[in-house]
Amino acid sequence: MNHPIRAGTTFPSFSNMASRISTMKLLSLVLSSFVIVQIALAGDPDILSDFLAPNQNNVDGSFFTYTGMRVLVNQSTFPANFTILKASMVEFPALNGQSVSYAVLQYPASSLNPPHTHPRAAELLFLVDGSLEVGFVDTTNKLFTQSLQAGDMFIFPKGLVHYQYNADPNNPAIAISSFGSANAGTVSLPKTLFATNIDDTILAKSFKTDVSTIQALKAGLA
């Protein structure tokens, strides 16, 4: 049975309904984007226990202790070449699931930590002693550089190409780096490009040079 429409009855206009639907879609998009951003910003996956161990019922304080850095305390001579001493989940399994790792970097006079990236974490470097020239390149190919003195800190954003160079010809430098991942990973550009059997012709074309130059670069890294 049809009911008569009373005088004065109003209905929402199609424009108002469309506006509400658009607003709801926009809100949904914003919320979805927020979730995606949070996932993108996250480091290692969250774990559902206090820690990860082969047998959590049979661990003691030794599992959470790493003694590999003691060599620095007992070190009588500085390394002749650039040296990294790491404490990642590879060396220190208790870090698995904790989203943190550590490295001590020793730079003899005039030594270099070549351009490289850490695909899974940013790097926060603290210069303990000496001086360093540091830099990174962003995704627009802009170079950011800085001269660091002892006591300075510098952040290398996640995944960006960066380097450190001890330009002092007479004095060494030492730095400590922390990472927001238990396994930040390192991709060395020289080794990745010239020590992984990428075809010489491909590299020559990429760098707009000749094959003999590429072969010489590969030989230098062999």
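Biologist: Which side chain does H118 join through a polar contact of 3.4 Å?

Modeller: Keep in mind that this is a predicted model. H118 sits in the loop between strand 3 (112-117) and strand 4 (123-129). Its side chain makes a polar contact of 3.4 Å, and the partner is the side chain of H116.

Biologist: Is H118 buried or exposed?

Modeller: Let's go by the cut-off: buried means under 20% relative accessible area. H118 has a relative accessible area of 6%. Among the residues H118 touches are K158, G159, F179 and A184. With that 6%, H118 is buried.

Biologist: Which residues does UniProt mark as "binding site"?

Modeller: This one comes from a record, an unreviewed UniProt entry. The lining of the largest pocket includes the residues with that feature. They are N113, H118 and E123.

Biologist: OK, E123 then. Which residue stands opposite E123 in strand 7?

Modeller: Start with the place of E123, which is in strand 4. Strand 4 and strand 7 run antiparallel and are joined by four bridges. Across from E123, in strand 7, you'll find F156.

Biologist: What is the relative accessibility of E123?

Modeller: E123 touches a whole list of residues, including H116, H118, F154, H162 and S177. E123 counts as buried, and the cut-off for that is under 20%. The value for E123 is 2%.

Biologist: Which side chains of strand 7 are buried?

Modeller: Here's a handy rule: in a regular strand the side chains alternate between the two faces of the sheet. Strand 7 (residues 153-156) shows that alternation. M153 and I155 point to one face and are not buried, while the side chains pointing to the other face are buried: F154 and F156.

Biologist: What about T117, buried or exposed?

Modeller: T117 lies in strand 3. Its contacts include G159, L160, V161 and V187. The relative accessible area of T117 is 11%, and the limit is under 20%, so T117 is buried.

Biologist: Which strands stand at the edges of the open sheet?

Modeller: Five strands form that sheet, with antiparallel pairing, in the order 6-5-8-3-10. An edge strand has a single partner strand, so one side of it is left without a neighbour in the sheet. That picks out strand 6 (143-149) and strand 10 (187-188).

Biologist: Which residue in strand 8 is the bridge partner of G135?

Modeller: Strand 5 (residues 131-137) pairs with strand 8 (residues 161-165) in the antiparallel sense, over five bridges. G135 falls within residues 131-137, the span of strand 5. Its bridge partner in strand 8 is Y163.

Biologist: Now the salt bridge: which residue does K218 pair with?

Modeller: The count for this model comes to one salt bridge. Its closest N and O atoms are 2.6 Å apart. The pair links distant parts of the chain, helix 5 (residues 211-221) and helix 4 (residues 200-206), with the two positions 18 residues apart in numbering. Both partners are buried, and the one paired with K218 is D200.

Biologist: Last one: how far apart are the C-alpha atoms of G68 and L85?

Modeller: G68 lies in the loop between helix 1 (14-41) and helix 2 (70-73). At 24% relative accessibility, G68 counts as partly exposed. G68 and L85 are 17 residues apart along the chain, and their C-alpha atoms are separated by 8.3 Å.

Conventions. Residues are numbered from 1 along each chain as its sequence is written. This is a predicted model: local features need pLDDT of at least 70, side-chain atom pairs count only at pLDDT 80 or more; totals for chains, interfaces and linings use all residues. Side-chain values use heavy atoms; hydrogens and water are left out. Two strands pair if DSSP finds at least two bridges between them. UniProt positions are given in the numbering used here, feature names are shortened, and annotations may be inferred rather than shown by experiment. On a 1 Å grid over the protein atoms alone, a cavity is a set of points where a 1.4 Å probe fits but cannot get out, and a pocket is an open set with protein on both sides within 12 Å along at least five of seven lines; lining residues have an atom within 4 Å of a point. Buried means under 20% relative accessible area, exposed over 50%, partly exposed in between (1.4 Å probe, protein chains only). Contact means heavy atoms within 4.5 Å. A polar contact is a pair of N or O atoms within 3.5 Å; within protein, one must be able to donate a hydrogen and the other to accept it, and residues adjacent in sequence count only if both atoms are side-chain atoms. A salt bridge is a side-chain nitrogen of Lys or Arg within 4 Å of a carboxyl oxygen of Asp or Glu. Lists of a residue's contacts leave out its neighbours within four places in sequence.
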